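Here are some exercises to help you find your way around a new chain. Try each task yourself, then read through the worked steps.

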Amino acid sequence: MSTPSHFPARSPAPVHSPAPGVSRRGRLARWGAAFAVLTALAGYLTVQYLIGGGGAPRCRVAAGHAGTSYEFTPEQAANAATISAVGTSRGLPEQAVTIALATALQESGLHNIGHGDRDSLGLFQQRPSQGWGTKRQIMDPVYAAGAFYDRLVEVPGYTRLPLTVAAQRVQRSGFPRAYARHEPDARLLATALTGRSAATLTCEGRPAPTPDGGPDAVRAALERDFGRHVLPPAEAGAGTGTGVRASVTAAPASAGRHHRDTHASVTVPVPHGTPAGARTRRTGWELAHWAVANSSALHIARVSYAGREWSRGDRADEWRTVGRRPRPGTGAGTGDDGKSRGAGTGPAAADVVRIATGD
């Protein structure tokens, strides 16, 4: 296309090359700015990783025989463990725990949230205006779970009802059928957290940026979730074989890769159940899984029970089989089945859950 005669053709604008020194300084400035940005980003990502922000640490429950699994965050795991512990400490059946977990999955995603529809709050989105308690009470997971169970047990035949029906009679939700879709995950969680399935819950265990670690924090959390009876004074039940005690000891270092350091630990002898063995093992795995679920919040480094051990680190996604170890205060060993290998009576001869803490 030609240029119209009444518009003079434009000459190309002259191109001015910058002085060599100016060009070099500009390139260096741009490279320096880019390097600073990358360094800042790397530092941010490192900090986020260390405090559990970026690459969020995960927990997982797996049922190997069925090939199913459920993955969730440490916060969700700790809340689920509290819900389960409150139910079992009341002597409620596994179905009650399953209903409660499915309800919390639907209502809050197992997050203790301070908002919701109208004045709904917490794990179960309970409303102060509907008689569930004060805002402060509802935001306490132990109280909220207890309030849910209080109303659940008033539902006639709740264990025989479809899960979504039982949950709806407690919650009176505007979406009464929504609980059913969480039933498979809730059942998987309940089997692990009540101890019916052994060595099925694992977490990365990366310590959260909180000062809540140490044996005293573990003891306090155990009593908070299970009740004071879980850790009576050392002399309670001595010699009966039915008491549950806790003592703070030093976990001895070993030649193993995961045991080079020494951690303070809480040792919890598990009471014998009826029938002997079956109930004991279930209670032991309930306590062990509870500890793993709380490993980030309480800075728990290692949990051992029944000849199996979980520890945070490279292999935190599995429970490893360990050899025999001396039982605290008895000299008796423990085999792969978790049975005591030595004579003795009383709590020292019971199965032991050992929870080692430290950063």
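**Exercise 1.** Which residue of β3 does R60 stand opposite?

Keep in mind that you're looking at a predicted model. Start with the strands: β1 covers residues 59-63, and β1 pairs with β3 in the antiparallel sense over three bridges. Now look across from R60 and you land on T202 in β3.

**Exercise 2.** Work out the order of the strands in the open sheet that holds β1, and say which strands stand at the edges.

Step one: the open sheet is formed by three strands, in the order β2-β1-β3, with antiparallel pairing. Step two: β2 (68-72) and β3 (201-203) each have a single partner strand, so they stand at the edges and one side of each has no neighbour in the sheet. Step three, the twist: ignoring direction, neighbouring strands here are turned by 20° against each other on average.

**Exercise 3.** Find the helices α2 and α7 and say how they sit relative to the strands.

Begin with α2, residues 74-89. This helix lies across β1 and β2, and runs at about 110° to β2. Next comes α7, residues 183-193, which packs on the sheet and touches β1, β2 and β3. The direction of α7 makes about 85° with that of β2.

**Exercise 4.** Is A100 buried or exposed?

First, place the residue: A100 is in helix α3, which spans residues 94-108. Then check its relative accessibility, which is 0%. Buried means under 20%, so A100 counts as buried. Who is around it? Setting aside neighbours within four places in sequence, A100 is in contact with I83, F124, F148 and Y149. For a sense of how the chain folds back, take L152: A100 and L152 are 52 residues apart in sequence, yet their C-alpha atoms are 8.7 Å apart in space.

**Exercise 5.** Describe how α8 and α9 pack, and decide why the pair counts as oblique.

Two packed helices are described by the angle between their axes and the distance between the axes. For α8 (residues 215-226) and α9 (residues 278-293), the angle is about 120° and the axes are 12 Å apart. Roughly perpendicular runs from 65 to 115 degrees and roughly antiparallel starts over 145, so α8 is oblique to α9. The crossing of α8 past α9 is right-handed. On the α8 side, the contact is made by V218, A221, L222, D225 and F226; α9 brings in E286, L287 and W290.

**Exercise 6.** Trace the pairing from β6 through β7 to β8.

Go one strand at a time. β6 (residues 300-305) and β7 (residues 308-311) run antiparallel and are joined by four bridges. Within that pairing, S304 has E309 as its bridge partner. The two strands form a hairpin with two residues between them, and A306 in the turn has a positive phi of about 55°. Then move on: β7 pairs with β8 (residues 320-321), again in the antiparallel sense, over two bridges. Here the bridge partner of R308 is T321.

**Exercise 7.** How many helices and strands are in the chain, and what percentage of its residues count as buried?

The tally is nine helices and eleven strands. Of the 359 residues, 44% count as buried. To finish, the accessible surface comes to about 18,400 Å², with 56% of that belonging to carbon and sulfur atoms.

Methods. Residues are numbered from 1 along each chain as its sequence is written. This is a predicted model: local features need pLDDT of at least 70, side-chain atom pairs count only at pLDDT 80 or more; totals for chains, interfaces and linings use all residues. Side-chain values use heavy atoms; hydrogens and water are left out. Two strands pair if DSSP finds at least two bridges between them. Buried means under 20% relative accessible area, exposed over 50%, partly exposed in between (1.4 Å probe, protein chains only). Accessible areas come from the Shrake-Rupley method with a 1.4 Å probe; for residues, only the protein chains shown count as cover. Axes are lines fitted to C-alpha atoms, for helices over the stretch in contact, and angles run from 0 to 180 degrees between N-to-C directions. Angles under 35 degrees count as roughly parallel, over 145 as roughly antiparallel, 65 to 115 as roughly perpendicular and the rest as oblique. A crossing is left-handed if the near helix is turned anticlockwise from the far one by less than a right angle, and right-handed if clockwise. Contact means heavy atoms within 4.5 Å.
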